[in-house]
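Dear colleague,

I am passing on the structure we spoke about, and below it you will find my notes on what turned up when I went through it. Please read them with the model open beside you.

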Amino acid sequence: MSNPTLYYFDARARAETSRLLFVYAGAKFNDNRSGFPLAEDVRSKTPFGQVPFLEDGDTQLAQSIAIESYLAEKFKLNGTTLTERAQVLQFALVPGDFYAPYFAAKDDAANLKFKEETAPKLFKKLEDILFKKGGQHFVGNTLTWADISIFNLIDFFHQQHSNLVEAVQPFPTLLAFHKQVAAIPQFAEYLKNRPTTRL
Ligand SMILES: N[C@@H](CCC(=O)N[C@@H](CS)C(=O)NCC(=O)O)C(=O)O
């Protein structure tokens with residue numbers, strides 16, 4: 001069977017957590033990065049005319065969180081009990097609560113409010129949860145999709161303009177967690193070589 005193909009733009013954005021799931025599992029995949037606007041031959045394959053879109057044998061999936069969920073289950077990174085799976089999903093949905101106000105902010109005042117109020121308020125919750133859990137994992141005692149998703153969120157803040165990373169600086173547990181996940185050999189290698197993109 002051929003390797004799975006993940007279709008997206010040449011950006012991290014809604015595809016990067018899925019890429020990281022492949023990378024952590026050591027599973028080969030075709031990282032298909034379309035130019036903008038989305039190539040018609042890609043759009044026509046997808047159920048909603050949007051990417052990310054995954055083809056894996058007979059499985060075809062859109063919606064970033066559905067794709068991540070599928071990969072997490074496939075690679076056994078989705079918790080081991082019903083409760084853990086729900087908790088993993090709970091954390092995987094958190095980045096969306098950051099991205100929605102971030103991309104809605106259209107002027108300097110709104111950007112500053114996001115950086116100085118909205119994001120730190122949410123990061124404080126994550127910091128407290130992770131601190132109480134011992135700093136290593138958001139769910140259970142092994143790395144899961146939850147950890148990869150929150151790692152990618154913190155990483156996004158490191159990547160963005162206007163020193164957005166300052167929003168994470170007051171949270172030492174999250175910073176240490178980011179460093180620790182980035183140092184996992186598969187990730188270290190991937191992060192060193194991944195394309196530099198604006199989003
Ligand atoms: N809820 C969807 C949103 C997908 C989405 O908005 N995709 C955008 C890129 S981030 C897209 O395909 N835009 C191109 C277009 O609509 O032509 C998800 O999470 O996957």
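Two strands are taken as paired if DSSP finds at least two bridges between them. With that in mind, and remembering that this is a predicted model, the place to begin is an open sheet of 4 strands, which has the order E2-E1-E3-E4 and mixed pairing. E2 and strand E4 (59-62) are its edge strands, each of them pairing on one side only. Neighbouring strands of this sheet are turned by 15° against each other on average, if direction is ignored.

Within the sheet, strand E3 (residues 53-56) pairs with E4 in the antiparallel sense over 4 bridges, and E1 pairs with E3, also in the antiparallel sense, over 3 bridges. Leu54 is a useful residue to follow here, since Leu54 stands opposite Leu61 in E4 and is also the bridge partner, in E3, of Leu6. Further along, Asp56 stands opposite Thr59 in E4. The hairpin of E3 and E4 has 2 residues between the strands, and in this hairpin Gly57 takes a positive phi near 60°.

Next, the domains. The domain assignment gives domain 1 as residues 5-75 and domain 2 as residues 82-183, and the centres of the two, taken over C-alpha atoms, are separated by 22 Å. Where they meet, 9 residues of domain 1 are in contact with 8 residues of domain 2. On the side of domain 1 that touches domain 2, helix H1 (16-25) and helix H3 (64-74) each supply at least two residues, and H1 gives the most, with 5 residues. Sorted by class, that side of domain 1 has 5 nonpolar, 2 polar and 2 charged residues.

H1 deserves a paragraph of its own. Is this helix largely enclosed or largely open? It is largely enclosed by the rest of the structure, because 8 of the 10 residues of H1 are buried. The buried residues are Glu16, Thr17, Ser18, Arg19, Leu20, Leu21, Phe22 and Tyr24, and what covers them includes strand E1 (5-9), strand E2 (30-34), H3, helix H7 (145-159) and helix H9 (185-193). Ala25, which is also found in H1, is partly exposed, with 16 other C-beta atoms within 10 Å; a residue counts as buried only if 20 or more lie within that distance, so Ala25 falls short of the cut-off. Just after H1, Gly26 takes a positive phi of about 70°. As for the path of the chain beyond the helix, the C-alpha atoms of Ala25 and Leu38 are separated by 28 Å, although these residues are 13 apart along the chain.

Finally, the ligand. Which residues surround the ligand? They are Ala13, Arg14, Pro37, Leu38, Gln50, Val51, Pro52, Gln63 and Ser64. By class, this shell has 5 nonpolar, 3 polar and 1 charged residues. Leu38, one of the residues around the ligand, is thus a residue you have already met, as the partner of Ala25 in the C-alpha separation of 28 Å.

With best wishes

Key
Residues numbered from 1 in each chain as written. Predicted model: local features only at pLDDT ≥ 70, side-chain atom pairs only at ≥ 80, totals over all residues. Near = placed C-beta within 6 Å. Nonpolar A, V, L, I, M, F, W, Y, C, P; charged D, E, K, R; others polar. Domains from an automatic or database assignment. Contact = placed C-beta atoms within 7 Å. Buried ≥ 20, exposed ≤ 12 C-beta atoms within 10 Å, placed from the backbone. Axes fitted to C-alpha atoms, helices over the stretch in contact; angles between N-to-C directions.
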